[in-house]
Amino acid sequence: MTKKRSYCIAGNWKMNTTPSSATTLVSGISHGIENLNLSRVRVAVFPPFININTVLEHAGGHIAVGAQNCYYEPNGAFTGEVSCGMIDDAGCTYVLIGHSERRTIFKESNTVIELKLKAALQTSLTPILCIGETLSERQSGNTWSVLQEQLNTAFQTITPEQSARLVIAYEPVWAIGTGVAATKDEAQEAHHFIRKHLSVLGKETSIPILYGGSVTADNARDLLSQPDIDGALIGGASLKHESFVSIIRTAALLSEN
Ligand code: PGA
C-alpha cells in the first residue's frame with residue numbers, strides 16, 4: 001500500500017483585507033472546514049501584518065497564520081521592517097520568503113532571500129521559500145537554470161537538518177494572478193526537478209513542495225493529484241472563503257485515498 005498523502009493549503013492574501021474583512025474571511029474559512037477530516041491537511045493564511053492579530057484571534061484550532069514577508073535583522077533602525085522574531089512572538093507559524101512580487105517589485109535578490117531564510121530558521125517559524133521562472137525565462141529555455149540558481153543561493157549555508165524544516169513553493173511568475181495556471185504536467189515536471197536538485201545539493205528531499213499560480217477550486221484536484229505536489233499557495237482564490245474551503249476540501253478528500 002502506498003503511503004497516504006499529506007497536504008498544505010496556504011492562502012496568500014497579499015495587500016488585501018481590513019481588520020473587519022479579515023475577521024469575516026478567516027471566520028468563514030474556519031466555519032467552512034469544521035466538518036472536514038484535516039488530519040493530513042495543514043491550512044494556513046497570510047494576512048497583511050496589520051491584520052495578523054485579529055486573524056489569530058478568529059482563526060480557530062485548525063488554521064495557522066503566517067506573515068507575507070520579513071526582514072533579516074533581529075531589531076534596530078530599519079524603519080518599516082518586521083523581524084522574524086517579532087513574527088514568531090506574535091503567534092505566527094509560517095513566513096513567506098522570496099515571493100515573486102517581493103523579487104520583482106521590491107527588487108529582492110537571491111542573496112537577500114538567503115539572509116531572510118537564515119533569519120527565519122533562527123526562530124521557530126517555518127519558512128516557505130518561493131521560487132519560479134518568468135515567462136521570458138521559460139520561453140528562452142532557462143527554467144531549470146533559474147530554479148537551480150534560486151535554490152543554490154537560498155540553500156548555500158542551510159544545513160540538511162535545517163532544510164528539513166522548510167517548505168518550498170514553486171510559483172511560475174507567468175501563472176501568478178493571470179488565470180493561466182501551469183498544467184498538471186508542467187507543474188509536476190518542475191516539482192520533480194526541484195526535488196532532484198535538492199538531492200544534488202545534499203538537502204532534505206521529502207520537504208513539502210507547494211504549487212502556486214492561478215490555483216482555483218476547478219483546477220486544484222488535477223494539480224494536487226500529482227505525485228510531487230504537496231499542496232498549494234493560493235492568492236486570488238483564497239480571498240473568498242467558498243473557493244478556499246473548496247480547495248481545502250479537495251485536499252482533504254485526496255489525503256484519504
Ligand atoms: P494567484 O497568486 O493564486 O492569485 O495566482 C498566487 C501567489 O501569488 O501566491
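Here is a short tour of this predicted model, stop by stop.

Before you click, note that residues are numbered from 1 along each chain as its sequence is written, and that side-chain values use heavy atoms, leaving out hydrogens and water. Since the model is predicted, local features need pLDDT of at least 70 and side-chain atom pairs count only at pLDDT 80 or more, while totals for chains, interfaces and linings use all residues.

**Stop 1: two helices packing**

Select residues 19–32, helix α1, together with residues 241–256, helix α11. Helices here are DSSP runs (H or I, at least four residues), strands are runs of E (at least two), and both are numbered from the N terminus. The axes of α1 and α11 are 9 Å apart and the helices pack at an angle of about 35°. Those axes are lines fitted to C-alpha atoms, for helices over the stretch in contact, with angles running from 0 to 180 degrees between N-to-C directions. The crossing of α1 and α11 is right-handed, a word used when the near helix is turned clockwise from the far one by less than a right angle (anticlockwise would be left-handed). Now show the side that α1 brings to the contact: Leu 25, Gly 28, Ile 29 and Gly 32. From α11 come His 241, Phe 244, Val 245 and Ile 248. Contact means heavy atoms within 4.5 Å.

**Stop 2: Arg 103**

Next, pick Arg 103 in helix α4, residues 100–104. Arg 103 is buried but has no salt bridge. Buried means under 20% relative accessible area, exposed means over 50%, and partly exposed is in between (1.4 Å probe, protein chains only). A salt bridge needs a side-chain nitrogen of Lys or Arg within 4 Å of a carboxyl oxygen of Asp or Glu. For Arg 103, the nearest side chain of opposite charge is Glu 108, 6.9 Å away; Lys and Arg count as positive, Asp and Glu as negative, and His and the chain ends are not counted. So where does the side chain of Arg 103 reach? Look for the backbone oxygen of Cys 130, at 2.8 Å.

**Stop 3: Glu 108 and Lys 116**

Stay with Glu 108, and add Lys 116: their side chains meet in a salt bridge (2.7 Å, N to O). Lys 116 is buried, at 3% relative accessible area, and Glu 108 counts as buried too, at 10%.

**Stop 4: a network of charges**

Move on to Arg 195, whose salt bridge with Asp 228 has its closest N and O atoms 2.7 Å apart. Arg 195 sits in helix α9 (residues 184–200) and Asp 228 in the loop between α10 (220–224) and β8 (231–234), so this pair ties together parts that are 33 residues apart in sequence. Arg 195 also forms a salt bridge with Asp 230, at 2.8 Å between the closest N and O atoms. Asp 230 is buried, with a relative accessible area of 12%. Add Arg 5 to your selection and you have a network of salt bridges linking Arg 5, Arg 195, Asp 228 and Asp 230.

**Stop 5: two unusual backbones**

Most residues other than glycine have a negative phi. Select Lys 107, in the loop between α4 and α5: its phi is positive, about 55°, although it is not a glycine. Is Lys 107 buried or exposed? Lys 107 is exposed, with a relative accessible area of 66%. Finish at Ser 214, in the loop between β7 (209–212) and α10. Ser 214 has a positive phi of about 60°, and at 16% relative accessibility it counts as buried.

Definitions and conventions
Polar contact = N/O pair within 3.5 Å; in protein donor to acceptor, adjacent residues only side chain to side chain.
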